Amino acid sequence: MSYDIAVIGGGVVGCAVVRDLSGFGLSVVLVESRGDIGDATSKANTAILHTGFDAVPGSLESTMVARGYELLSDYAKVTGIPVEHTGALLVAWDEDQRAVLPKLQDKAVKNGYQKCEIVDADEVYRRVPDLGPGALGGLTVPDESIICPWTTPLAYATEAKARGVEFRLNTFVESVDVGAESTTLRTSTGDITTRWVINAAGLGGDVIDRMLGYDRFTIVPRRGELFVFDKLTRPMANTIVLPVPTEKGKGVLISPTIFGNVMLGPTSENLVDRTDTSTSEEGFAFLLDKGAALMPTLIAEEVTASYAGLRASTEHSDFVVDIDSAQRYLLLGGIRSTGLTASMALAEHARHLLAESGVALVERADLPAPPQMPNIGEAFPRPYQRADLIEADSEYGQIVCFCERVTRGEIRDALTSPLPPCDVDGLRRRTRALMGRCQGFFCGAEIDELMRAGGGDHE
Ligand SMILES: Cc1cc2nc3c(=O)[nH]c(=O)nc-3n(C[C@H](O)[C@H](O)[C@H](O)COP(=O)(O)OP(=O)(O)OC[C@H]3O[C@@H](n4cnc5c(N)ncnc54)[C@H](O)[C@@H]3O)c2cc1C
């Protein structure tokens, strides 16, 4: 079979792209080297749905983040992706930082965001009483929100699959041969023939780009390490607390998570190894130090987990997006720190670029209804809390993971879903099982057994 479009990379960007394109009369394949979608950078970020108030005005990233915020907010309502509109408070800790606040407010306006307000120290402490001493003032960003980073790509992929997109998982693209009429992807599971290629390969984006004859950017994996604190800390951070950004990035923040925890991080460290998502002693020390100044009461509480993600940063300050009509090749590269938010806008932008290059986009009239995603957000009713569900199906009343209150019914649903997990990490992302205080000490064996019975691989 030959496809109209092959998308390389099943992260949040690639999944958004295949979902979007599957709305038209095109045959689409998603090629992903891992056994699951959303298993690379898209699974380990800070999960903020950004307004884009602090983007570089006029950049593609600024446009994509603002538009992506709008599109994803609407899509989340339709499909049940958990979102909480917590707002954010950017805090100045010295006079230099306080002097930057009006500039940041102007920048927000230039980015099309009008609602930032400068507040004094009293207001900062009224909003976040647990902040450490020394805050001099702040800037409010009322629409900054938190979102489920795992349900988002899964919703895109589930909808794309229902619309007929083919998912070639465990398939690594080794080389690319561009012909006059079609292109062949040489992969670890055989050749794939396609008319167009879209590169959404995240940390591997520059490698794929070179396979198509370019040499225009190099990915530097920039590691971000984070702590996740116990759920008892959640009242300490009901809004996102942001630092004043520097040239190195957005800095260390404190944020509530959609799962009811509080998170501290990320660090920012350039690495060489694109696979090194380990956490480090230096990272821990840095976060403990930062956290102690930002919110001493938080640092005194228990850490449930720590993790690290790798941003696909490049030598360019913006996303690297370009279309080559002659080779029928579209690049979505260097999607570093805001790709979750920007994902649907990038997909829309990709579609417009393809249309301008002559790809016929005929809207389909036979589209299935969008999927209703299982809720794994803490702020919304979960199955164990819903008498109606439990009455209809008693497995929603049988809790397997007690820390996160995940039921047998939810695990069964995940294992029999159109895109089932291939390992326990994938199950965690679909249900929250194993991500609580005990980290699977109590329920690990039972979950292993359920996975085996459900047909998934187990670790
Ligand atoms: C610490 C941190 C914090 C962040 N915080 C936020 C935030 O709060 N809000 C926000 O909006 N964004 C945030 N981001 C950014 C966001 O997570 C990324 O921009 C986004 O996940 C990038 O998605 P992607 O699809 O481009 O890449 P990925 O998720 O990395 O997907 C690319 C996929 O391509 C596959 N691939 C690569 N090479 C090949 C090949 N040769 N063959 C087949 N498959 C291949 C990989 O296996 C991978 O699955 C953060 C990132 C980090 C690291």
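Let me begin with the contact between domain 2 and domain 3, where four residues of domain 2 are in contact with five residues of domain 3, contact here meaning that the C-beta atoms of two residues, placed from the backbone, lie within 7 Å. On the side of domain 2 that touches domain 3, the residues divide into two nonpolar, one polar and one charged, where Ala, Val, Leu, Ile, Met, Phe, Trp, Tyr, Cys and Pro count as nonpolar, Asp, Glu, Lys and Arg as charged, and the others, Gly among them, as polar. The centres of these two domains, taken over C-alpha atoms, are separated by 31 Å.

I should say at once that this is a predicted model, in which local features need pLDDT of at least 70 and side-chain atom pairs count only at pLDDT 80 or more, while totals for chains, interfaces and linings use all residues. Residues are numbered from 1 along each chain as its sequence is written.

The protein is divided into domain 1 (1–83 + 146–219 + 314–378), domain 2 (84–145 + 222–313) and domain 3 (383–454), with bounds that come from an automatic or database domain assignment.

Now to the ligand. It is surrounded by 40 residues, the closest being Gly11, Gly202, Gly204, Gly224 and Gly339, and a residue is near a molecule if its C-beta atom, placed from the backbone, lies within 6 Å of it. Helix H1 (12–21), strand E18 (303–313) and helix H9 (339–356) are the elements that give two or more residues to this shell; helices (H or I, at least four residues) and strands (E, at least two) are DSSP runs, numbered from the N terminus. The shell around the ligand divides into 17 nonpolar, 18 polar and five charged residues, and at least three of its residues come from each of domain 1 and domain 2.

What lies between domain 1 and domain 2? Both domains give residues to the largest nonpolar core, so this core lies between them. It holds 112 residues, of which Ala6, Val7, Ile8, Val17, Ile198, Val241 and Leu346 touch the most other members. By a nonpolar core I mean a set of buried Ala, Val, Leu, Ile, Met, Phe, Trp, Tyr and Cys residues joined through C-beta atoms within 7 Å, and a residue is buried if 20 or more other C-beta atoms lie within 10 Å of its own, exposed if 12 or fewer, and partly exposed in between, with C-beta atoms placed from the backbone. Ile198, leaving aside its neighbours within four places in sequence, is in contact with Ile5, Val7, Ile8, Val17, Leu330, Leu332 and Ala350. Apart from this core lies another, of 14 residues, among them Val400, Leu427, Leu434 and Cys443.

On the strands, E1 (residues 2–8) and E2 (28–31) pair in the parallel sense over four bridges, pairing being called if DSSP finds at least two bridges between two strands. Ile5 stands opposite Val28 in E2. From E2, Val28 and Leu30 point one way and Val29 and Val31 the other, and all are buried.

The loop between E2 and E3 contains Ala47, which has a positive phi of about 60 degrees although it is not a glycine, and which counts as buried with 20 C-beta neighbours inside 10 Å. Strand E3 belongs to an open sheet of three strands, in the order E3-E8-E4 with antiparallel pairing, whose edge strands are E3 (48–49) and E4 (83–84), each pairing on one side only.

Next, helix H12 (residues 424–431), where six of the eight residues are buried, so the helix is largely enclosed by the rest of the structure. Its buried residues pack against H5, strand E22 (406–407), helix H11 (408–415) and helix H13 (444–454), and just after H12, Arg432 takes a positive phi of about 80 degrees. Arg430 is one of the buried residues in H12, and although 279 residues separate it in sequence from Thr151, the two are 7.0 Å apart in space, C-alpha to C-alpha. Thr151 lies in helix H5 (residues 151–162) and counts as buried, with 25 C-beta neighbours inside 10 Å.

I finish with one peptide bond: from Gly265 to Pro266 it is cis, with omega near -10 degrees, and Pro266 lies in the loop between strand E16 (262–265) and strand E17 (269–270).
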